[in-house]
Amino acid sequence: MSDPRGAKPIKLDPWLDHYAARASGLSASEVRALFAVASRPEVVSLAGGMPFVRALPEDLIRTALDRVMTLEGPTALQYGSGQGVPRLREQILEVMALEGISASMDNVVVTTGSQQALDLVTKLFIDPGDIILAEAPSYVGAIGVFRSYQAHMVHVLTDENGLVPDALRETIVRLKAEKRTIKFLYTIPNFQNPAGVTLSAERRPEILAICKEHNILILEDNPYGLLSFDEPVPPALRSLDEDGVIYLGSFSKTLAPGFRVGWALAPHAIREKLVLAAEAAILCPSSFSQLVISEYLTQADWRGQINEFRGVYRERRDAMLEALDEHLPELSWNIPNGGFYIWVDLPEQLDSKAMLPRAVTELVAYTPGTAFFADGGGRHNLRLSFCYPTPENIRIGIRRLATVIQGETDLLDTFAGTGVLALPTANESVTAPPPDMS
Ligand code: PMP
């Protein structure tokens with residue numbers, strides 16, 4: 001087939017009818033191209049979830065690299081255990097202890113970021129059509145994994161204190177009455193991505209009790225828990241129940257995502273299967289990355305470094321909140337006490353996805369709310385990330401966003417009632433933004 005303007009021939013995929021059914025869940029979204037534009041330096045991107053790694057002490061990382069090569073060179077360059085380097089697994093216990101978890105290193109499985117742990121757990125538990133419960137909204141990267149295993153994701157009402165227990169109970173009862181199979185509840189209890197909310201201490205035992213009563217496993221994904229701005233977060237769900245929870249942790253936000261090191265802490269029986277699944281997928285996680293992180297944790301004041309990150313992100317959160325107050329006082333948003341994200345409610349007539357091209361033209365980017373729902377929700381929300389841009393750029397970005405929102409509102413007012421700007425009813429979400437946007 002050729003382009004009607006006589007340009008290059010358009011290549012169709014000759015293998016289209018060969019793909020497995022599960023591959024149909026893997027589709028690039030049309031906003032991907034916009035995100036590519038959004039990475040240009042002149043655009044203030046409030047879209048990405050990229051940690052501010054420049055705040056890391058580069059010299060300490062370099063020292064760790066040197067020591068690994070001096071002390072363990074060949075081992076660092078070799079395949080290693082499928083479950084992960086034992087010394088690092090012990091140190092991971094110290095990290096988790098900060099959130100009240102006590103565990104055995106035998107049940108820790110090191111993975112290539114917690115993203116791989118999400119994939120492995122889903123692979124182990126999900127048959128096509130099985131149900132996964134999750135917050136409304138939920139992490140776009142998890143939605144992509146769940147979709148690729150043909151899970152059916154059902155969102156559960158979430159408010160400023162996290163998952164609403166009554167809503168969880170009602171959803172489970174309704175789905176069971178429909179004879180649906182619910183495999184697990186996926187939850188990000190601390191400084192949730194994208195909504196920024198934290199599950200309150202009071203609700204935690206209740207959520208556990210509901211899942212226990214209905215025999216539903218919990219997948220607790222906690223990359224942001226140590227990045228609190230004021231008080232520490234309540235104890236992890238896993239600290240209250242060792243048999244019913246698979247806990248996921250990561251060094252991506254507290255150290256650096258470039259190492260690609262995360263972990264799963266699983267009940268003993270599940271742990272065995274996880275290791276087998278991990279070995280089948282990647283043989284073993286990177287020995288080199290694990291040893292460098294282990295050395296860094298041994299030599300550096302990593303707790304102090306996490307405190308520095310908290311200070312950096314708190315300042316950026318404050319800059320964003322102040323700018324929102326100043327430039328967009330008519331909107332509402334949550335006030336996150338940690339993590340990377342602010343979730344904004346737009347007026348009903350504004351569609352965050354439709355508005356994105358205009359925003360990029362005005363040199364500001366955000367992630368439309370639709371990315372975080374499996375069911376087409378989120379059109380009147382957007383996620384703003386304050387982790388990467390400087391406070392100054394955050395202020396510029398919010399000022400530009402206010403111009404975009406004002407322009408869009410004026411346009412809608414001008415054409416109100418004419419039907420010219422009627423919103424399409426597409427029930428489709430942002431399927432696969434690039435990794436740095438997730
Ligand atoms: N879970 C959540 C909630 C996240 O926000 C992210 C990264 N954005 C991940 C998992 C994956 O992180 P990583 O693979 O880098 O550990």
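Helices (H or I, at least four residues) and strands (E, at least two) are DSSP runs here, numbered from the N terminus. With that in hand, welcome to a predicted model of a protein with 13 helices and 15 strands. Its radius of gyration is 22 Å, close to the 22 Å that the globule rule gives for 438 residues, so the protein is as compact as a globular protein of that length. A ligand sits with 14 residues around it, and the protein covers 95% of the 400 Å² of accessible area that this ligand has on its own.

**Confidence and overall dimensions**

- The mean pLDDT of the protein is 92, and 92% of its residues reach 70 or more.
- One stretch to treat separately is residues 425–430, where pLDDT stays under 50.
- For residues 425–430 the model still has 16 contacts beyond four places in sequence.
- Taken along the principal axes, the box filled by the C-alpha atoms is roughly 70 × 55 × 55 Å.

**Around the ligand**

- Of the 14 residues that surround the ligand, the closest are Ser114, Asp221, Tyr224, Ser250 and Ser252.
- By residue class, the shell holds four nonpolar, seven polar and three charged residues.
- Helix 4 (residues 113–125) gives the largest share of this shell, with three residues.
- Ser114 approaches through its backbone: one of its backbone N or O atoms lies 2.8 Å from an oxygen atom of the ligand.
- Ser252 uses its side chain instead, with an N or O atom there 2.6 Å from a ligand oxygen atom.
- Asn193 also takes part through its side chain, where an N or O atom is 2.8 Å from an oxygen atom of the ligand.

**Backbone geometry to check**

- As background, most residues other than glycine have a negative phi, and most peptide bonds are trans.
- The peptide bond from Asn193 to Pro194 is cis, with omega near 20°, and Asn193 is the residue whose side chain has an N or O atom 2.8 Å from a ligand oxygen.
- Pro194 belongs to the loop between strand 7 (182–187) and helix 7 (203–213).
- Another cis peptide bond runs from Ala136 to Pro137, with omega near 0°.
- Pro137 is found in the loop that lies between strand 3 (131–135) and helix 5 (140–148).
- Gln150 has a phi near 60°, a positive value in a residue other than glycine.
- The loop holding Gln150 lies between helix 5 and strand 4 (152–156).

Key
Residues numbered from 1 in each chain as written. Predicted model: local features only at pLDDT ≥ 70, side-chain atom pairs only at ≥ 80, totals over all residues. Heavy atoms only, no water. pLDDT = per-residue confidence, 0-100. Contact = heavy atoms within 4.5 Å. Near = heavy atom within 4 Å. Polar contact = N/O pair within 3.5 Å; in protein donor to acceptor, adjacent residues only side chain to side chain. Areas by Shrake-Rupley, 256 points an atom, 1.4 Å probe, with all protein chains shown as cover. Nonpolar A, V, L, I, M, F, W, Y, C, P; charged D, E, K, R; others polar. Rg over C-alpha atoms; globule rule 2.2 N^0.38 Å.
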